[in-house]
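Work through the exercises below with the sequence and the structure at hand, and try each task before reading its solution.

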Amino acid sequence: MAFLEILKVSKIFGSNTVAVKDFNLNIEKGELVSFLGPSGCGKTTTLRVVAGFETPNEGKVYLGGEDITDRPPNQRHVGMVFQAYALFPNMTVGDNIGFGLKIAKKSPTEIKQRVEEMLSLIHMSGFGNRYPYQLSGGQQQRVALARALAIRPQVLLLDEPLSALDAKIRVALRAEIRAIQQQLGITAIYVTHDQEEALSLSDRVVVMNNGYIEQVGTPFEIYNFPQTEFVAQFVGTLNAIRAEVVDPASNILRFEGQQVQAAQGLEGLHAGDRVMIAIRPERLSFAADGRKPNVLDCSIENITFLGSIVRIQVKIGNSSFSMDTFNNPFLELPKIGEQTQITCSREAVLVLSRGS
Amino acid sequence: MNIETGRGLGAWAFLHSRKKRSNEVTRKRGSVWAWIILILGILYFFVPLFSTFEFSMRMLKGRYSFEAYRVAFGDSRFYHDFGFSLLWAAITIAVSLLLIVPTAYWVHLRLPKLRPAVEFVTLMPFVVPAVVLVFGLIKLYGSPPITLVGTPVLLIAGYVVLSLPYMFRAVDTGLRAIDVRTLTEAAQSLGAGWGTILKDVIFPNLRVAILSGVFLTFAIVMGEFTFAALLVWPAFGPYMEEIGAMRAYTPQALSVVSFLLTWGSIGLIQWVARGAPGQQAQIAGTR
C-alpha cells in the first residue's frame, strides 16, 4: 500500500456540480506530486479532501495505511500552506510557527527550540518577534511554510502557495520549497495552475481537467509524451493539427497536402481515418538540405524575439505553426514572406487522438 | 514666431489665467461653505450641551459652582441605581458576546447564505419599539409555563435584543475584515479545535470590533429607561427620569455625566484600536 492513497474519490457540490470524479492516486513517502490544471478542474477540491476540509461523496483517503476519510482536519496531522498565507495577524512570527506545537502541548523549551530550527530552515533567524504585517509577501509565505512544517506533518499540502507573489520571488521560493521538501524527506502535494512550476518542482505531475485525471507522470513524460489532447495543449506550447492517415503500416499521415511520418504506431487505423497530431515548436527546425524525413514546405509569417529563444511563425497551407530556435548573436533569420522548408524527426510527431 | 501665433498664445495665456483664477475662486467659495457648515454643525451639537453644563453650574445663586454635581454624587440612590446599571451592562455584554460572536462566526464560515436573514433579525429592535417589545415579553413570560417576570432574566434578555444591531454589526464588520475561513482552516490543519480557534485566533483578531460592540452596548444599557422602568428594576435611566421630575439642576449634571460616560467609551475604543496588530495585519494581508 502506498503512503498516501486517494481511492476513487468523487466530490459533488450542490445537486450536480461535479468537482472531482473517480480520482485515484497513490503517493509514495517523500514524493512531491503536483496537481496541475486550469481553474475549476478540481485540483484544490482534491487537496481539500486530503486535508479534511471537504468530505468526499464517494471514495476513501488512506494515510500510512489508515483510513482518514472521516477524520476531522485537526486530527489528520497534515500541514497546509495557503495561497493567502493565512498567518495569524495577532501573533508574532515565532508564535505563528509555534502555534501547532502549543496545541500539541509540547514544552516551552521544545517549542522555542523548534521555532528557532524552523526560522533557520527558512533563512529568517531573528524575525521571530516580528508581526506578519511587518513582512513582505515572500517572507510571510516562508513563515507559513515553517508553521506547517513545525508540527512535522505526515503530508504537506501546498495550495497555490506562490500565486500571490511576483515572478522573481516565485522562482526563488519554489526552488527553496523543493530543497526543504527534499531535505526533510516529507511527502507533499502541490496544487498549481502554473505548468512551469509543476514541471520544475515535482517528482510526478497529475494533470487534471473537468474533475478528471488526464494523465499522471513524471514532468519529462508529461511534457514529451502527452497522452491526451488536453495535456498536450495545456502543458507547453504546441502545434496541433488534424491529419489524415495515408499508410498505417508505415505510420504516414497527411495534412495541408504534405506528408509526415510518425514513429508512433497507427495500429487499428485505416487509410483515410482522421487523427489529431501535434508537434512541439522546439522540435521543428529549418531543413538545410531537404533530405531529412518530414520536410514541410512553408512560408515565414512572423518572427518574435523572446530573449533566449526566437519564435518563428510559419504558414503551412492554411495552418500556422510555431517553431522555436535558440537565440545566438549570429543567428541568420529568414525574411518574412520567404518560402522555405522546415523539418522534424519522426519521434516529434505525436498522434494524440484517433478517429476524430 | 509670427504675429498670428503670438496673438494666439497671448489669448491662450489670458484664457488660461482667467480659468485658473475662476477655479481658485470656486475652490475658495467651497472652502468657505465647508467652514460655515462645520461651524453650524458644531454650534448645533455643542450649544445645547454647553447650555446644559452651564445651567447645571447655576445651582447656587449668583455664582457658578459644582454644587449640582456634589448633590448628585452625594445621593446614595445614585450609586445604588448606577451600580445596578453597571451590573446589567456587564451581564448583557457577556451574554451578547457569547451569543453573537460564535453565531456571526458560524454564519460567516458555514452559512453565508443565512447572513441576510440574521441581519434582518438583528435589525428588529429598530422596527419594534421598546415599549411594544417589553409588553410582549411581559405577556409571554408573565404566566406559566415559563414565568420570568420578576427575575432579571427578562431585563437582560431585553437588553441583549436592544444591543443586537450594534453588537452584531460591529462583530460582522470585524469578521469581514479578516479571512475567517482560511484562518480557521490554517488553525485546524495545525491541530486546533473549535474552542482554541475561537479563543486564540478569532477573538484576538476581532478585538477592536468586539470592543466597539461592547462599549456601544454599555452606553445603551447605561442610558436605557423603558425596560428597566416597566420591568421595575433599579437602573440609571429611571433614576435620571425621577430626579428630572423633582429637581432642576441635578438632572442637568447627570446628563453631562451621562454624556461624558458615552464619550469616555468612544475614546476608549479609539485608544484600544490604536496600534492593534490585527488591524494593521489585515491591511498587510492584501499585499
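Two strands are said to pair if DSSP finds at least two bridges between them. The model to which this is applied here is a predicted one.

**Exercise 1.** Determine how many bridges join strand β9 of chain A to β10(A), and in which direction the two strands run.

*Solution.* Begin with β9(A), which covers residues 204-209 and is joined to β10(A) by five bridges. Because pairing asks for at least two bridges, this count qualifies, and the two strands run antiparallel. For a single example, take M208(A), whose bridge partner in β10(A) is I213(A).

**Exercise 2.** Place these strands in their sheet, and explain why one side of β6 and of β10 of chain A is left without a neighbour.

*Solution.* Write down the order first: the open sheet of chain A has six strands, arranged β6-β7-β8-β3-β9-β10 with mixed pairing. Then look at the edges, where β6 (78-81) and β10 (212-217) of chain A each have a single partner strand, so that one side of each lacks a neighbour in the sheet. From one strand to the next, the twist averages 20°.

**Exercise 3.** Describe how chain B meets chain A, beginning with the residues in contact.

*Solution.* Count the residues first: 24 of chain B are in contact with 27 of chain A. Next take the area buried between the chains, about 2,200 Å², of which carbon and sulfur atoms give 63%. Then turn to the one salt bridge found across the interface, in which the side chains of E185(B) and R48(A) meet at 2.5 Å, N to O. Finally, ask which elements of chain B give two or more residues to the side touching chain A: they are α8 (180-189), α9 (194-205) and α14 (277-284), and α8(B) gives the most, with eight residues.

Definitions and conventions: Residues numbered from 1 in each chain as written. Chains lettered and ligands numbered in written order. Predicted model: local features only at pLDDT ≥ 70, side-chain atom pairs only at ≥ 80, totals over all residues. Heavy atoms only, no water. Contact = heavy atoms within 4.5 Å. Buried area = accessible area lost by both parts, 1.4 Å probe. Salt bridge = Lys/Arg side-chain N within 4 Å of Asp/Glu carboxyl O. Helix = DSSP H or I, 4+ residues; strand = E, 2+ residues; numbered from the N terminus. Axes fitted to C-alpha atoms, helices over the stretch in contact; angles between N-to-C directions.
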